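Here is my note on the structure you sent over. The points are numbered so that you can take them one at a time.

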Amino acid sequence: MRITIETLFPQLIASWAREALIGRAVERGLLEIRANDLRRFAGNRTGRVDDAPYGGGAGMVIRVDVAAQAIDEARSAVPPADEVVLLSPAGEPLAQPLVERFAGYRHLMLLCGRYEGFDARVEQFVDREVSIGDVVLMGGELAALCVAEATARLLPGVLGDAESHRCDSFSSGLLDYPEFTRPPMYRGLEVPEVLRSGDHARVASWRRAQALLRTARRRPDLLAAAPGDDERRVSAALAPDDEEET
Ligand code: SAM
């Protein structure tokens with residue numbers, strides 16, 4: 001899969017694409033990251049891509065022609081961009097079903113703003129706008145990396161254990177169950193006995209119950225999509241004296 005990131009700061013992307021599991025995926029040819037400098041479409045010698053906002057006010061706005069040329073390039077690339085995504089605080093909130101969709105693409109293009117953002121006409125040229133939450137960053141690069149990393153880890157071969165992302169939070173429709181490692185006792189906090197029992201069936205059942213309990217307590221909105229059996233187990237799990245293991 002190719003992910004093209006259009007930015008005024010391509011070096012921010014380059015260092016991420018070299019490191020850790022993403023770096024390995026790139027080396028192994030599972031993922032191609034292209035960090036392109038939007039200034040190549042500046043159309044002037046200084047590389048200036050912004051201008052003052054019509055109507056006045058603080059800050060500068062990135063020109064529509066700069067973004068449109070970058071989008072045209074991605075749409076006529078081989079393979080062409082399956083989607084062009086504008087990172088924006090006004091976009092739809094980033095969520096797992098969306099990155100699952102992106103992971104099926106051959107080419108995803110991510111467009112990063114800076115300053116006051118892009119001229120609003122850019123919205124007419126993109127397929128969707130995505131926000132990473134109700135916060136304002138200085139630029140779209142970190143938001144684009146959230147999208148890129150969440151997508152990349154779903155690609156076959158990128159994670160060491162192909163199964164590991166299937167039970168992650170959200171992939172299963174629930175929050176993940178709590179995990180523990182050695183030591184078995186630390187400052188009076190004990191690892192649950194069931195996890196040390198060696199009984200795989202009991203462990204699986206405990207984990208499922210804990211995932212339901214965590215989700216019910218912390219993100220009840222996610223349970224709306226849970227199957228009926230699970231709903232019954234949640235009611236049972238939410239008996240007043242039951243505790244989430246932390
Ligand atoms: N004036 C804009 C507003 O209030 O909505 C904020 C512009 S912000 C300083 C500059 C760029 O950062 C945006 O064009 C966008 O690409 C990116 N950005 C900032 N916050 C973001 C968020 N929560 N999600 C996605 N992108 C974001």
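1. Where is the place of R114? R114 sits in a loop, the one that runs between β6 (107–111) and β7 (128–131). Keep in mind throughout that this is a predicted model.

2. Is R114 buried or exposed? Its relative accessibility is 18%. Buried means under 20%, so R114 counts as buried. Its side chain also has a polar partner. The side chains of R114 and E141 are joined by a polar contact of 2.9 Å.

3. Which residues does R114 touch, once neighbours within four places in sequence are left aside? R114 is in contact with L8, F9, L12, I62, M138, G139 and E141. E141 thus appears in this list and in the polar contact with R114.

4. Now the ligand. It is surrounded by 19 residues. The closest of these are L87, G113, G133, V135 and L137.

5. Which residues put an N or O atom close to a nitrogen atom of the ligand? V135 does so through a backbone N or O atom, at 2.7 Å from a ligand nitrogen. L137 also uses a backbone N or O atom, and here the distance to a ligand nitrogen is 3.0 Å. With E116, an N or O atom of the side chain is involved, 3.2 Å from a nitrogen of the ligand. How much of the ligand does the protein cover? On its own, the ligand has 580 Å² of accessible area, and the protein covers 81% of that.

6. Turn to helix α1, residues 10–18. Its buried residues are P10, I13, W16 and A17. Why do they line one face of the helix? Viewed down the axis of α1, the buried residues fall within an arc of 125°, so they share one face. The face turned away from that buried side carries Q11 and R18, both exposed.

7. What covers the buried residues of α1? The cover includes two strands, β1 (2–7) and β2 (32–37). It also includes two helices, α2 (20–27) and α5 (141–152).

8. Helix α2 can be read in the same way. I22, G23 and A25 are buried in α2. Seen down the axis of α2, its buried residues fall within an arc of 160°, so they line one face of the helix. On the other side, A20 and E27 are exposed. The cover over the buried residues of α2 includes α1 and α5. Note the pairing: α2 is among the elements covering α1, and α1 is among those covering α2.

9. A20 deserves a check of its own. Most residues other than glycine have a negative phi. A20 is not a glycine, yet its phi is positive, about 55°. A20 comes just after α1 and lies in helix α2. A20 has a relative accessible area of 64%, so it is exposed. After α2 comes G29, with a positive phi near 75°.

10. R187 is another non-glycine residue with a positive phi, about 50°. Where does R187 lie? R187 is in the loop between β8 and β9 (189–190). With a relative accessible area of 73%, R187 is exposed.

11. Please look at two peptide bonds as well. Most peptide bonds are trans. The bond from V78 to P79 is cis, with omega near -5°. P79 lies in the loop between α3 (64–75) and β5 (83–93). The bond from R182 to P183 is also cis, with omega near 5°. P183 lies in the loop between α5 and β8 (185–186).

12. Last, the aromatic rings. How many aromatic pairs does a search of the whole structure find? The search finds 1. The partners are F102 and Y105, with ring centres 6.0 Å apart and planes at 45°, so the pair is tilted. Both residues are on the buried side of the cut-off. F102 counts as buried at 0% relative accessibility. Y105 is buried too, with a relative accessible area of 15%.

Conventions. Residues numbered from 1 in each chain as written. Predicted model: local features only at pLDDT ≥ 70, side-chain atom pairs only at ≥ 80, totals over all residues. Heavy atoms only, no water. Buried < 20%, exposed > 50% of the residue type's maximum accessible area, 1.4 Å probe, protein only. Helix = DSSP H or I, 4+ residues; strand = E, 2+ residues; numbered from the N terminus. Arc of directions from axis to C-beta. Contact = heavy atoms within 4.5 Å. Near = heavy atom within 4 Å. Polar contact = N/O pair within 3.5 Å; in protein donor to acceptor, adjacent residues only side chain to side chain. Areas by Shrake-Rupley, 256 points an atom, 1.4 Å probe, with all protein chains shown as cover. Phe/Tyr/Trp six-rings, centres within 6.5 Å; stacked < 30°, edge-to-face > 60°.
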